Amino acid sequence: MTTDDQNPQDMNPAEEELGFEDETTFLQVGPGEEVFEFDEDEFADPDFGEDFSEEDWERIEAAFGVEDQEHLEENLCTVAIVGRPNVGKSTLVNRFIGRREAVVEDFPGVTRDRISYLADWGGQRFWVQDTGGWDPNQKGIHGAIARQADVAMDSADVIVMVVDTKVGITETDEIMARKLQRAKVPVILVANKFDSDSQFADMAEFYALGLGDPFPVSAQHGRGGADVLDEILKSFPETPRKTSIVEGPRRVALVGKPNVGKSSLLNKFAKEERSVVDDVAGTTVDPVDSLVQLDQKLWRFVDTAGLRKKVKTASGHEYYASLRTRAAIESAEVCIMLIDSSQPVTEQDQRVLAMILDAGKALVLAFNKWDLMDEDRRSELDRELDLQLNHIPWVKRVNISAKTGRALQRLEPAMIEALDNWDRRITTGQLNNWVRETIAKNPPPMKGGRLPRVLFATQASTRPPVIVLFTTGFLDAGYRRYLERMFRESFGFDGTPVRIAVRVRERRKRK
């Protein structure tokens, strides 16, 4: 973080990310074919650059060392990993995809939704779909988890049923096997937790399931996984059951503290039970990825686990779930942050918000559970927003109810506006004209007896917009906030963070 007493020559993170160096360049640019030198006095001239084209401004950018930085569909097969709780499905998924993505913990019921991960084996890409533990007799949240597994089995090209070598066949295994015997796609039986050759005798009983030869595997130690992957590839059909959109739709992360209604909102958008929902806080563990067609566009929504107050207070699967939520924010383009409008805005909400702002993502605030509001609570909320969210006046706020569907149609236009501004670029000519006018109205404070001058301004990048000012002296944080405020007044940029970076250039001595 930049502070007012920072060394003027130190780079802040936005500048460091852009690869600027501290060296002073010998500036030689000009309009058309003519080439000539400029010094800082000429840059300060209010008429400087009046006759420049955008190509001329691009040549100035080059002299300062600034460089510019349809849906993809693919016929990918899907393999569903199914089985009763705690047989090691998520551990096997992590082996198949070659990274620790699925949340794993040594007790049943950690995975609750069906989650798809992109895998590559032998040069062939395919989807691996992790599911919650299947049990036909469960009610409530566990029944919802089982229904997600049913959907996965109905949509997969190959099904992998996982059983526990150490436990043997259970009643649930027998019921699932009878169900899979009627499946219209190949079924591969995997006997997990096979840690020693002495367990070969235990394998014999799995033939009774009627699903062919069981594959002995230890997902924890990596034993036997390659054989299963080879068999999966051999079992894939020539044409997958459905075409997958693997790239293209804008990525939206639903974020917020636990139990603010993220999964309910996703289910309302998707018009199906895509995420498991329960009144117990923390139902979602893995980020749930869904393609959803709204009124104007196709979107890729990610329902994330609710972030605890402090990651270090989380344990086990909650800790890894919080890390995946951070990763989901990093990979998203726009975040819908849900706040429970019926409860006071908390420090936990502020932590989530800070994480989104630090990641530089486009942002929409959704105040959920508006159906529970009364007049007294509305007055309290207004006061809370004035106190706690006054530093982000540029964020669009939408009052919704994921339960009743109130005002959900207002979220998509807010997301589109935020993303348009996140992607937006101001031309260099416009920007430099704005800088000269703004600084003329209110010059920066003196530093070391000198008035810092802004030589040149450019928008160095988008997503989020980063404005770089090349100056003769350091601009403190308060003045940069003033410039950001004036920038937004002139150009808008609602829904996206805007970063102002300063590069101090040493005065070139005349010979």
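**Exercise 1. Work out how accessible Arg410 is, and which charged neighbours it gathers with.**

Step 1. Arg410 has a relative accessibility of 39%, so it counts as partly exposed. Here buried means under 20% relative accessible area, exposed over 50%, and partly exposed in between (1.4 Å probe, protein chains only). The model is a predicted one, where local features need pLDDT of at least 70, side-chain atom pairs count only at pLDDT 80 or more, and totals for chains, interfaces and linings use all residues. Residues are numbered from 1 along each chain as its sequence is written, and side-chain values use heavy atoms, with hydrogens and water left out.

Step 2. Now place the residue: Arg410 lies in the loop between strand S16 (396-399) and helix H13 (411-423). Helices (H or I, at least four residues) and strands (E, at least two) are DSSP runs, numbered from the N terminus.

Step 3. Look around it on the surface: Arg410 joins Arg378, Lys396 and Arg406 in a patch of positive charge. Patch members have over 30% relative accessible area and no salt bridge, and like charges are joined within 9 Å. A salt bridge would be a side-chain nitrogen of Lys or Arg within 4 Å of a carboxyl oxygen of Asp or Glu.

**Exercise 2. Describe the surroundings of strand S18 (residues 466-471).**

Step 1. Check the cover: six of the six residues of S18 are buried.

Step 2. Sort the side chains. In a regular strand they alternate between the two faces of the sheet. From S18, Val466, Val468 and Phe470 point one way, while Ile467, Leu469 and Thr471 point the other.

Step 3. Find the partners; two strands pair if DSSP finds at least two bridges between them. Strand S17 (residues 454-461) is antiparallel to S18, with six bridges, and Phe456 has Phe470 as its bridge partner. Strand S19 (residues 499-504) runs parallel to S18, also through six bridges, with Arg503 opposite Phe470.

Step 4. Finish at the turn: four residues separate the strands in the hairpin of S17 and S18, where Arg463 takes a positive phi near 60°.

**Exercise 3. Do likewise for strand S7 (residues 158-164).**

Step 1. Seven of the seven residues of S7 are buried, so the rest of the structure largely encloses this strand.

Step 2. Val158, Val160, Val162 and Asp164 point one way, and Ile159, Met161 and Val163 the other.

Step 3. Strand S4 (residues 78-82) runs parallel to S7 through four bridges, where Val79 partners Val158. Strand S8 (residues 187-192) is parallel to S7 as well, over six bridges, and Val190 in S8 stands opposite Val162.

Conventions
Patch = residues over 30% accessible without salt bridge, like charges linked within 9 Å, V, L, I, M, F, W, Y side chains within 5 Å. Areas by Shrake-Rupley, 256 points an atom, 1.4 Å probe, with all protein chains shown as cover. Lys, Arg positive; Asp, Glu negative; His and termini not counted. Charge placed at Lys NZ, Arg CZ, Asp CG, Glu CD.
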